[in-house]
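Welcome! Here is a protein model to explore, with the sequence and the 3D view side by side. Take a moment to turn it around before reading on.

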Amino acid sequence: MRILGIDPGSETTGWGVIEGDGRRCGLVECGTVRASTNQKFPARLLRIANALEEIIQRHHPDACAIEDGFLATNVKVTLKLGQVRGVAMLVAERAALEIHEYSPRLVKQTVVGHGNAEKFQVQQMVKTLLSLASVPEPHDAADALAVAICHFHHACFAQRLLAAQTGAKPASPKLTRLPARPSARNSVRRRVSR
């Protein structure tokens with residue numbers, strides 16, 4: 001299964017693609033989409049949409065995991081974040097991807113083990129879970145990878161639960177339907193869009 005994780009932001013949107021076999025997952029590529037604060041907000045949204053479309057065309061993910069919104073103290077920030085999430089969801093829906101939303105607390109709980117984890121703890125666990133030599137930079141990309149890892153674990157658990165309930169083998173067609181690709185560890189690439 002190949003998953004695109006997205007950490008929406010009005011200035012910097014993090015993204016990360018991971019691939020897994022149901023037990024382990026590895027990094028395919030990660031990066032950020034940066035929009036200039038000098039641009040009007042609609043132009044920033046267009047930049048984010050175009051970049052995400054290009055990433056989806058390049059990596060052909062099966063699913064898209066997006067971090068759910070949170071209530072910021074500034075209402076304008078919350079509204080802008082919601083608009084970026086909407087653009088990301090629209091792009092994923094156009095590409096016919098399964099879309100899954102995860103709260104920041106659930107992402108931390110899944111990746112680190114508790115929902116109040118600090119940002120550096122999440123980054124260190126992303127590094128460990130993906131067997132990377134260093135923490136992915138910038139932190140927005142690491143956050144997006146954490147969202148993708150969260151979906152990977154929840155999707156694999158759901159498949160095992162379904163298999164146990166139906167008495168079927170745990171191997172799901174969804175997890176094995178892609179043709180073999182080069183090992184994710186051998187093809188690690190990081191990219192930062194500017």
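The report below walks through this predicted model, from the overall layout to some single residues.

## The overall layout

Let's begin with the chain as a whole. The protein chain contains six helices and six strands. Following the sequence from start to end, you meet them in the pattern β-β-β-α-β-α-β-α-α-α-α-β.

How much of the chain is buried? Of its 194 residues, 45% count as buried. The contacts also tell you about the fold: among those with a separation of 6 or more, 66% are between residues 24 or more positions apart.

## Two nonpolar cores

Now look inside. The largest nonpolar core has 25 residues, and I18, V126 and L130 have the most contacts inside it. Two or more residues of this core come from each of β3 (25-34), α3 (104-111), α4 (119-129) and α5 (139-166). Helix α5 gives the largest share, ten residues. There is also a second, separate core, made of 22 residues, and L4, V33, F41 and I56 are included in it.

I18 is a good residue to click on. What does I18 touch, once neighbours within four places in sequence are left aside? Its partners at the start of the chain are M1, R2 and I3. Further along, I18 is in contact with C25, G26, L27 and V28. The list then continues with L130, L145, A148, I149 and F152.

## Two helices side by side

Two packed helices are described by the angle between their axes and the distance between the axes. For α1 and helix α2 (residues 75-94), the angle is about 35 degrees and the axes are 9 Å apart. The crossing of α1 past α2 is right-handed. On the α1 side, the contact is made by F41, L45, I48, A49, L52, E53 and I56. On the α2 side, the residues are K80, Q83, V84, V87, A88, V91, A92 and R94.

Let's zoom in on one residue from each helix. I48, in helix α1, counts as buried because its relative accessibility is 1%, under the 20% limit. Leaving out residues up to four places away in sequence, I48 touches G9, T13, V33 and V84. I48 and V84 are 36 residues apart in sequence, yet their C-alpha atoms are 7.9 Å apart in space. V87, in helix α2, is buried too, with a relative accessible area of 16%. With the same neighbours left out, V87 touches L45 and A49. The C-alpha atoms of V87 and I48 are separated by 7.7 Å, although the two residues are 39 residues apart along the chain.

## Charges and rings

Which ring does the charged end of K80 sit over? It is the ring of F41, with the charged end 5.2 Å from the ring centre. As for aromatic rings paired with each other, the count comes to zero.

Another charged residue to find is D143, in helix α5. Is D143 buried or exposed? D143 is buried, because its relative accessibility of 9% falls under the 20% limit. Setting aside residues up to four places away in sequence, D143 touches D7 and K119.

## Special spots in the backbone

A few places in the backbone deserve a visit. Where is the cis peptide bond? It joins E137 and P138, with omega at about -10 degrees. P138 is in the loop between α4 and α5.

S131 is also in the loop between α4 and α5. Its phi is near 55 degrees, a positive value in a residue other than glycine. S131 is partly exposed, with a relative accessible area of 43%.

H60 has a positive phi as well, near 50 degrees, and is likewise a residue other than glycine. You can find H60 in the loop between α1 (41-59) and β4 (63-67). Why does H60 count as exposed? Its relative accessible area is 51%, so H60 passes the limit of over 50%.

Key
Residues are numbered from 1 along each chain as its sequence is written. This is a predicted model: local features need pLDDT of at least 70, side-chain atom pairs count only at pLDDT 80 or more; totals for chains, interfaces and linings use all residues. Side-chain values use heavy atoms; hydrogens and water are left out. A nonpolar core is a set of buried Ala, Val, Leu, Ile, Met, Phe, Trp, Tyr and Cys residues joined through side-chain atoms within 4.5 Å. Buried means under 20% relative accessible area, exposed over 50%, partly exposed in between (1.4 Å probe, protein chains only). Helices (H or I, at least four residues) and strands (E, at least two) are DSSP runs, numbered from the N terminus. Contact means heavy atoms within 4.5 Å. Rings of Phe, Tyr and Trp (its six-membered ring) pair if their centres lie within 6.5 Å; planes under 30 degrees apart count as stacked, over 60 as edge-to-face and the rest as tilted. A charge sits over a ring if NZ of Lys or CZ of Arg is within 6 Å of the ring centre and within 35 degrees of the ring normal. Axes are lines fitted to C-alpha atoms, for helices over the stretch in contact, and angles run from 0 to 180 degrees between N-to-C directions. A crossing is left-handed if the near helix is turned anticlockwise from the far one by less than a right angle, and right-handed if clockwise.
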